[in-house]
Amino acid sequence: MHISEGILSAPVLLGGGVLTVTGTIIGLKRIDTEDIMPVALLSSAFFAAGLVHVPLGPGSVHLILSGLLGLVLGWACFPAILTALFLQAIFFQFGGLTVLGVNTVVMAGPALLCSYLTGSLLENSKMRAAAAFATGSLSILFSALLTALILMLSDQGFIESAKLIIAANIPVMLIEGCLTLFIVDFLTKVQPEILRIESA
Amino acid sequence: MNAPERRYRIMFGVVLLFFLLPLSVAHAHKLNIFAWPAKDKTIQGEAVFSGGRKAKNIKIIVQNAETNVVLLETVSDGQGGFHFTQPEQAVQEQMDLLIAGDAGEGHRGEWLLKAAEYITAPETDPPAVRKEKTTGAIDEELVRRIAVQEIDKKLAPVRQALAESRERKPELRDILGGMGCIVGLAGLFVWLQNRRKEKTGHVHSD
């Protein structure tokens, strides 16, 4: 869901930039010295995931991992995703630099939102799996909706765009949900503090 | 090894897992537009997503690269290809052409076709005018025109390959480079944080 350069209007780009800067500043303030490694590792994972494809039927999909980043990093997912998207833009021209702010909000905003919605459910060992799956898949769904909304602001029909983008990303939603579920399960056993859960 | 070391090794392992997935990078992050001059004063082009998927039936817009005035619009075919006749105005004014493709869903790509690339010397009059030439003598102009046409035909696939090779595909070194940048930035961040803490008299102790 990288939006390319040259599509969005200046006010939209500016709004995206402002939101991203705000989120990034808040995120950076919350990173403690000992938290920095997960931030760096997950940012790297996000960067690499966007480049690696998994063959699926006639085409292929790539991992996004925004849900996981939201869960583990909280507000720090903003600087993490910003950095990864910035590097993708300058290395491969994926997305773009003027549109970097918007793309970051599109990815990080829903991730953060989902982590707030479902984060507390992770404590409950019965709800944990469902919460993790929901975080992973809903992050993608909200990112798709947000993308369609932003495109609408630049004169593209919302319903049509939304249908296309969501439909294209349904396999990704399922994969992300499963992946987030597995990783959360793994982390719960190995290092629950990273998810702010009392040891299981 | 103690707990913090162990958890970082595990996290590193998780990240490394991604490298075990097949590394051919095919996905629709970027829409690539390629264009080159073809025979009979046409311009031929191709719209392809990064990774190889053809962009079928997308809008193609040809503009004056300097003024952004739209000269013509067309649509790519089922193979992502498109072609159009060189606009008269463009040839007369020696315009650089900006050929843009819009695939919807936020995907847009561009290709700049410089005037020097597609504008060839003006063709001479067709052979009908040259009736006064002695019969039997080889009509030089005709031969020249045929030669140019044949060369254009042969060159078209070469030009296409050249245009496509300009696209840079992500490689392992790029992924590792990006990750190195991220880790470096993280280290810089920690260093700055520590300096700030030292200055304010606190020393972070855990």
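**Entry 1: Terms and model**

I note first that a residue is called buried under 20% relative accessible area, exposed over 50%, and partly exposed in between. I also record that the model is predicted.

**Entry 2: A salt bridge between chains**

I looked up the salt bridges and found a count of 6 over all chains. I began with the one that Lys197(B) forms with Asp32(A), where the closest N and O atoms are 3.9 Å apart. Lys197(B) belongs to helix H5 (residues 172–199) of chain B, while Asp32(A) sits in the loop between helix H1 (10–29) and helix H2 (36–49) of chain A, so this pair joins two chains.

I then asked whether Asp32(A) is buried or exposed. Its relative accessible area is 31%, and I therefore enter Asp32(A) as partly exposed. Lys197(B) has a relative accessible area of 19% and counts as buried. The value for Lys197(B) falls under the 20% cut-off.

**Entry 3: The sheet of chain B**

I next traced an open sheet of 3 strands in chain B, with the order E1-E2-E5 and antiparallel pairing. E1(B) and strand E5 (81–85) of chain B stand at the edges with a single partner strand each, so one side of each has no neighbour in the sheet. From one strand to the next, the twist averages 20°. I keep one general remark here: strands of a sheet pair through backbone hydrogen bonds, in either a parallel or an antiparallel manner.

I looked up how many bridges join E1(B) to E2(B), and found 8. Strand E2 (residues 42–49) of chain B is joined to E5(B) by 5 bridges. Both pairs run antiparallel.

I followed Gln44(B) across the sheet. In E2(B), Gln44(B) stands opposite Trp36(B). Towards E5(B), Gln44(B) stands opposite His83(B). I also noted that Ile43(B) has Phe84(B) as its bridge partner in E5(B).

I examined the hairpin of E1(B) and E2(B), which has 3 residues between the strands. There, Asp40(B) takes a positive phi near 60°.

Why is E2(B) described as largely enclosed by the rest of the structure? I found that 7 of its 8 residues are buried, and that is the reason for the description.

**Entry 4: A salt bridge at Glu46(B)**

I looked up Glu46(B) and found that Lys54(B) forms a salt bridge with it, the closest N and O atoms being 3.3 Å apart. Glu46(B) is buried, with a relative accessible area of 8%. Lys54(B) is partly exposed, with a relative accessible area of 33%.

**Entry 5: Helix H4 of chain B**

I checked the length of helix H4 (residues 140–165) of chain B. At 1.5 Å a residue, its 26 residues should span 38 Å, and the end C-alpha atoms are 37 Å apart, which agrees. I asked where H4(B) bends, and found a bend of about 35° at Leu155(B). A proline, Pro157(B), follows within four residues.

I then placed H4(B) against the sheet. The helix lies across E1 and E2 of chain B and runs at about 155° to E1(B). In H4(B), I listed Glu141(B), Asp152(B), Ala156(B) and Ala163(B) as buried. Strand E1 (31–38) and strand E7 (107–113) of chain B are included in what covers the buried residues of H4(B).

I returned to Glu141(B) for its salt bridge. Arg144(B) forms this bridge with Glu141(B), and the closest N and O atoms are 2.7 Å apart. Both residues lie in helix H4 of chain B, 3 residues apart, which is about one turn of the helix. Glu141(B) is buried at a relative accessible area of 16%, whereas Arg144(B) is partly exposed at 44% relative accessibility. I further note that Glu140(B), Glu141(B) and Arg144(B) are linked in a network of salt bridges.

**Entry 6: Pro192(A)**

I closed with a residue of chain A. Pro192(A) is found in the segment after helix H7 (158–190) of chain A. At 6% relative accessibility, Pro192(A) counts as buried. I looked up its C-alpha separation from Glu123(A), which is 69 residues apart from Pro192(A) along the chain, and found 9.8 Å.

Terms used:
Residues are numbered from 1 along each chain as its sequence is written. Chains are lettered from A and ligands numbered from 1 in the order in which they are written. This is a predicted model: local features need pLDDT of at least 70, side-chain atom pairs count only at pLDDT 80 or more; totals for chains, interfaces and linings use all residues. Side-chain values use heavy atoms; hydrogens and water are left out. The expected span of a helix is 1.5 Å times one less than its number of residues. The bend at a residue is the angle between axes fitted to the seven residues ending there and the seven starting there. Buried means under 20% relative accessible area, exposed over 50%, partly exposed in between (1.4 Å probe, protein chains only). Contact means heavy atoms within 4.5 Å. Two strands pair if DSSP finds at least two bridges between them. Axes are lines fitted to C-alpha atoms, for helices over the stretch in contact, and angles run from 0 to 180 degrees between N-to-C directions. A salt bridge is a side-chain nitrogen of Lys or Arg within 4 Å of a carboxyl oxygen of Asp or Glu.
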